[in-house]
Amino acid sequence: MSAPSVAPFEGELRPVSPLRLGLARFAANRTALASAGVILAFVLLALAAPWVAPHDPAEADLFRRLQPPAWAEGGEWSFLLGCDGLGRDIFSRLIWGARISLFVALMVIGLAAVIGTLAGLAAGYFRGWVDTLVSRLVDTLLGFPYLVFAIGLMAMMGPGLHNIVLALVYKEWVFTCRVVRGETLAAREQDYVEAARALGCGPAHIMLREILPNVLSPVLVVATFRMAYVIIMEASLSFLGLGVQPPTPSWGAMVADGRDFLVDAWWVSTIPGLAILALVLAINLASQGLRDAFDPRLHPS
């Protein structure tokens, strides 16, 4: 007589994926969640710029030159944040300028993450001369001050949006590469990698299918941290006149436009400067929340 089969318990708990656990921890962090909301607000404003901006950002009206914000004496609610030295609406230029900063940040971080991840995987997995070549290139690029390096490249390539992206990607990838290389050196000695080798899997399969999924979390955290720095670098280059050229609005260029009016028209430089501060601070706080949520050393269980 055969033993009766036992049906599996329907209420059996299934293991929760690390991604869902990390997202749940991030959602429980009120500061990080609020910072993510600020970032989302900037993104939505940038995407909806053609419909949200009340005026043409390039339209000048010398009769409104240095008009103060709406809450100050002489201001108008139709020009909420006042006007700059050429009578252009600061609020409209601020919204359109967010497009430039976010576009540059996303493009630079996206390209740098792809290049740095592939280079770090190759250096950490193959080691030997591949690791030596990549490591020496990374050390060489890190030897140059970031802003000086970017200024030199922009001086050779000329100002422009696409040249800013290329100039920043040239050095930005090294930060992702260092993180991925270190994670790959540790992962290549793990049992699952040895099992994949024993099954006859090639290096490309092991790096992309076995190791890469385990290094994506630190790559995400590093990319978020670096996005804030890229925004500052883009604003710095635009402030120096090496970024996007007029009449395209840029936060860094807006700060530069108002440096001659800091005493009499503080809003021309201060308001775009506060926008840079708010976005960079929100990104830093959100990235710190991501690090705390996904760092396995903080959640060993």
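L208 is partly exposed, with a relative accessible area of 43%; on this scale, buried means under 20% relative accessible area, exposed over 50%, and partly exposed in between (1.4 Å probe, protein chains only). The residue sits in helix α9 (residues 203-239), where helices (H or I, at least four residues) and strands (E, at least two) are DSSP runs numbered from the N terminus. This is a predicted model, in which local features need pLDDT of at least 70, side-chain atom pairs count only at pLDDT 80 or more, and totals for chains, interfaces and linings use all residues. Residues are numbered from 1 along each chain as its sequence is written, and side-chain values use heavy atoms, with hydrogens and water left out.

**The nonpolar patch**

- L208 joins F103, M107, L111, V114, I115 and L118 in a nonpolar surface patch of about 590 Å².
- Patches are made of residues with over 30% relative accessible area and no salt bridge; like charges are joined within 9 Å, and nonpolar side chains (Val, Leu, Ile, Met, Phe, Trp, Tyr) within 5 Å.
- Helix α4 (residues 90-126) gives the patch its largest share, 6 residues.

**The overall build**

- How many helices and strands does the protein have? There are 11 helices and 0 strands.
- The protein has a radius of gyration of 25 Å, while a compact globule of 301 residues would have one near 19 Å. This radius is taken over C-alpha atoms, and the globule rule is 2.2 Å times the number of residues to the power 0.38.
- Along the principal axes, the C-alpha atoms fill a box of roughly 95 × 55 × 30 Å.
- Of the 301 residues, 44% count as buried.
- About 16,500 Å² of the protein is exposed, and carbon and sulfur atoms supply 66% of that area. Accessible areas come from the Shrake-Rupley method with a 1.4 Å probe; for residues, only the protein chains shown count as cover.
- Among contacts (heavy atoms within 4.5 Å) between residues at least 6 apart in sequence, 71% join residues at least 24 apart.

**Salt bridges**

- Side chains of opposite charge can pair when their charged atoms come close.
- The structure holds 8 salt bridges, each being a side-chain nitrogen of Lys or Arg within 4 Å of a carboxyl oxygen of Asp or Glu.
- R226 and E172 meet in one of them, at 2.6 Å from N to O. This pair links distant parts of the chain, with R226 in helix α9 and E172 in helix α7 (residues 161-187), 54 residues apart. Both partners are buried.
- Salt bridges that share partners also join D84, R88, R93 and D257 into one network.
- Within that network, the side chains of D84 and R88 meet at 2.9 Å, N to O. D84 counts as buried at 5% relative accessibility, and R88 is buried with a relative accessible area of 9%.
- D84 forms a salt bridge with R93 too, and there the closest N and O atoms are 3.8 Å apart. Both D84 and R93 are buried.

**Cysteines**

- How many disulfides are there? The count is 0, where a disulfide is a pair of cysteine sulfur atoms within 2.5 Å.
- C83 is buried, with a relative accessible area of 0%, and C177 counts as buried at 2%.

**Backbone details to look for**

- Most residues other than glycine have a negative phi, and most peptide bonds are trans.
- L66 has a positive phi of about 60 degrees although it is not a glycine. You can find L66 in the loop between α3 (49-52) and α4, and it counts as buried because its relative accessibility is 18%.
- R127 also has a positive phi, near 50 degrees. It is found in the loop between α4 and α5 and is partly exposed, with a relative accessible area of 39%.
- The peptide bond from P246 to P247 is cis, with omega near 10 degrees. P247 is in the loop between α9 and α10 (251-257).

**Two more residues to find**

- Is M156 buried or exposed? M156 counts as exposed, at 65% relative accessibility. It lies in helix α6 (residues 146-157), and its C-alpha atom is separated by 41 Å from that of A34, 122 residues apart along the chain.
- S135 has its place in helix α5 (residues 128-142) and counts as buried at 12% relative accessibility. S135 and G124 are 11 residues apart in sequence and 10.0 Å apart in space, C-alpha to C-alpha.
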